[in-house]
Amino acid sequence: MIKSTTFIEFNRAMTTPSLGHPADAALLSSPLARGPGALPRQRQLIQRLKQAILAGQLPAGGKLPSSRALSEDLDISRNTVLIAYEQLTAEGYVIADRQGTRVAPLSAAASNAARQAAPQPAASTFTAKRLSRIVSTRYLHDGSLPMTPGTPALTQFPISAWRRAQDRALQAAPATTLGYGHPVGEPALREAIAQYLRVSRGVRCDASRIVITEGAQGALALCVQLLTNPGDTAWLEDPGYRGAKSAFHSGDLDVVAMRVDADGMVIPDDAWHTRPPRLIQTTPSHQYPTGAVLSVTRRLDLLERARRAGAWIIEDDYDSEFRHQGEPIAAMQGLLPDAPVLYVGTFSKTMFPALRLGFLVLPETIAAQAMPSVIEMLRGGHRLEQLTMAAFIDNGQFSRHLGRMRRLYRERQAALRDALATHLKIDHQVLGGHSGLHLTVRLPTAFSDVAIVEQARKLGMNPGALSSFAITPLPEDNGLVIGYGNTAAERFPALVGRIRDIALAIKH
């Protein structure tokens with residue numbers, strides 16, 4: 001038996017490929033770190049050997065020292081070496097047999113120099129081409145900032161009532177709530193939503209046609225998956241909801257912008273022939289972000305022409321519960337039997353955004369054909385939240401919460417309107433009706449909405465720039481989208497005054 005006291009002597013005695021280069025010897029005989037803060041020695045040894053193999057310093061087929069020899073060279077226990085070799089063998093870095101421990105042939109373990117010489121591809125080649133069409137217009141912000149569009153009054157949410165509903169859901173099924181659950185959502189929540197939509201929104205549905213999703217965004221993505229192929233045409237409101245634009249671009253769809261006026265989406269007659277759509281996204285009860293209501297004439301025309309064209313309409317009913325004048329506007333989906341409409345809803349505005357619960361009501365024909373595939377595509381989850389939401393609806397807490405929030409948002413919208421009329425002192429136009437959680441204010445082009453928003457955020461306010469919601473912004477898209485859901489009424493005079501000062505300072 002060969003007695004090796006150094007790595008070089010050991011390799012000279014071997015007939016297999018040599019690891020006897022001085023650099024190799026230094027690699028394996030250099031002492032491991034010791035003392036406070038040092039990693040465990042076996043971890044140090046494993047990392048050292050991995051890095052050396054991947055870098056090509058220990059070539060494929062080269063035999064490593066015996067555990068006894070290496071332990072003597074490094075002045076560590078033999079068990080430490082044995083554990084390191086076992087781990088490397090398990091991960092495929094080395095091969096252990098009767099002849100010893102040898103470096104495994106790794107296809108990716110070319111020499112470090114060779115890898116450095118290889119040209120690196122451009123950054124754009126690492127991602128799918130569709131990502132280049134998804135342009136970031138979103139500002140990552142603290143949702144508690146005043147004037148944030150779409151953020152409800154989170155400080156007014158009945159946490160205690162929600163916690164009690166959650167406790168009841170846990171007590172009813174403490175173990176089963178930990179599993180995946182049904183792929184399309186908890187039956188109790190689907191039934192509760194179906195009953196609520198039939199009564200409050202005039203939606204024609206039953207629980208079998210409802211799919212629970214990860215917010216409205218998950219519902220939009222599912223619509224794209226179920227009904228389109230790459231290259232299909234989709235019509236999108238302009239200015240419109242940026243999440244829909246992202247969902248359509250993620251599906252490699254050809255997105256066509258349809259302008260919006262005071263009566264909602266405007267569709268040129270020739271568009272049905274020159275750019276026939278597969279999907280049409282609309283927010284008919286409270287257009288986002290202009291606030292327009294799609295007139296019944298346009299609704300009926302859109303339904304009929306979509307049916308003839310074989311197109312499907314996505315009705316995003318994101319905040320229809322909060323209408324502050326008159327009766328709620330019924331959903332377009334319920335206007336006609338078997339309407340070609342996929343109805344999308346969310347609890348992000350009525351409850352709280354972090355809940356991440358949305359839902360999709362499929363047309364009967366699609367549900368019958370696609371539901372088996374949907375069940376295969378999705379996985380259940382968020383069971384506790386879903387069961388809690390079902391209990392919250394069934395015990396009447398949801399309706400009571402909506403009633404309180406309607407009164408609160410009505411007061412806050414009125415306060416914002418008064419503040420704009422009194423304190424803005426700049427020529428402006430307030431768009432939309434008396435609904436939702438935001439107002440849109442159109443400004444002259446001399447006051448850049450992007451510049452105003454940038455400065456406002458520095459002062460702790462977070463309105464949106466209207467132009468950022470447009471695919472191809474026009475001069476009339478210059479303005480501010482001002483949220484009032486999360487902002488107390490008494491704050492608006494001072495906040496609007498700050499907006500005025502910013503606008504006058506940046507005027508060109």
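**Briefing: loops, helices and cavities in a predicted model**

Asp 338 sits in the loop that joins strand 8 to strand 9. The model is a predicted one. Its protein chain has 508 residues, of which 49% count as buried, and its secondary structure comes to 17 helices and 14 strands. Among contacts in the chain with a separation of 6 or more, 72% are between residues 24 or more positions apart.

**Backbone: positive phi**

- Most residues other than glycine have a negative phi, and most peptide bonds are trans.
- Asp 338 is not a glycine, yet its phi is positive, at about 55°.
- The relative accessible area of Asp 338 is 59%, over the 50% cut-off, so the residue is exposed.
- Arg 356, in the loop between strand 9 and strand 10 (358–361), also has a positive phi, near 50°, and is a residue other than glycine.
- With a relative accessible area of 29%, Arg 356 falls between the cut-offs of 20% and 50% and is therefore partly exposed.
- Lys 425, just after helix 15, takes a positive phi of about 55°.

**Backbone: cis peptide bonds**

- The bond from Asp 238 to Pro 239 is cis, with omega near -5°.
- Pro 239 belongs to the loop between strand 4 (233–238) and helix 10.
- A cis bond also runs from Tyr 288 to Pro 289, with omega near 15°.
- Pro 289 is placed in the loop between strand 7 (279–282) and helix 12 (296–309).

**Helices 13 and 15**

- Helix 13 covers residues 364–377; at 1.5 Å a residue its 14 residues should span 20 Å, and the end C-alpha atoms are 19 Å apart, which agrees.
- Helix 13 has a kink of about 55° at Ala 370, shortly before the proline Pro 372.
- Ala 370 is also one of the buried residues of helix 13, together with Ile 366, Ala 367, Met 371 and Val 374.
- Those buried residues pack against two strands numbered 8 (312–316) and 9 (341–346), against strand 3 (210–213), and against helix 9 (215–227).
- Helix 15 covers residues 397–424; the same rise of 1.5 Å a residue gives an expected span of 40 Å for its 28 residues, and the end C-alpha atoms are 39 Å apart, which agrees.

**Cavities**

- Rolling a probe the size of a water molecule over the atoms shows where empty space is left.
- Five cavities of 30 Å³ or more are found in the structure, and the largest cavity holds about 60 Å³ of space.
- The lining of the largest cavity consists of Tyr 196, Leu 197, Asp 317, Glu 321, Tyr 343, Gly 345, Thr 346, Phe 347, Thr 350, Phe 359 and Phe 398.
- By class, this lining has six nonpolar, three polar and two charged residues.
- Helix 8 (187–200) and strand 9 each supply at least two lining residues; strand 9 gives the most, with three.

**The loop at Asp 252**

- Asp 252 is in the loop between helix 10 (242–250) and strand 5 (254–261).
- The relative accessibility of Asp 252 is 24%, between the cut-offs of 20% and 50%, so the residue counts as partly exposed.
- Asp 252 and Thr 228 are 24 residues apart in sequence, and their C-alpha atoms are 9.3 Å apart in space.

How values were computed
Residues are numbered from 1 along each chain as its sequence is written. This is a predicted model: local features need pLDDT of at least 70, side-chain atom pairs count only at pLDDT 80 or more; totals for chains, interfaces and linings use all residues. Side-chain values use heavy atoms; hydrogens and water are left out. Helices (H or I, at least four residues) and strands (E, at least two) are DSSP runs, numbered from the N terminus. The expected span of a helix is 1.5 Å times one less than its number of residues. The bend at a residue is the angle between axes fitted to the seven residues ending there and the seven starting there. Buried means under 20% relative accessible area, exposed over 50%, partly exposed in between (1.4 Å probe, protein chains only). Contact means heavy atoms within 4.5 Å. On a 1 Å grid over the protein atoms alone, a cavity is a set of points where a 1.4 Å probe fits but cannot get out, and a pocket is an open set with protein on both sides within 12 Å along at least five of seven lines; lining residues have an atom within 4 Å of a point. Grid points are joined across faces, edges and corners, and a volume is the space filled by probe spheres set on the points. Ala, Val, Leu, Ile, Met, Phe, Trp, Tyr, Cys and Pro count as nonpolar, Asp, Glu, Lys and Arg as charged, and the others, Gly among them, as polar.
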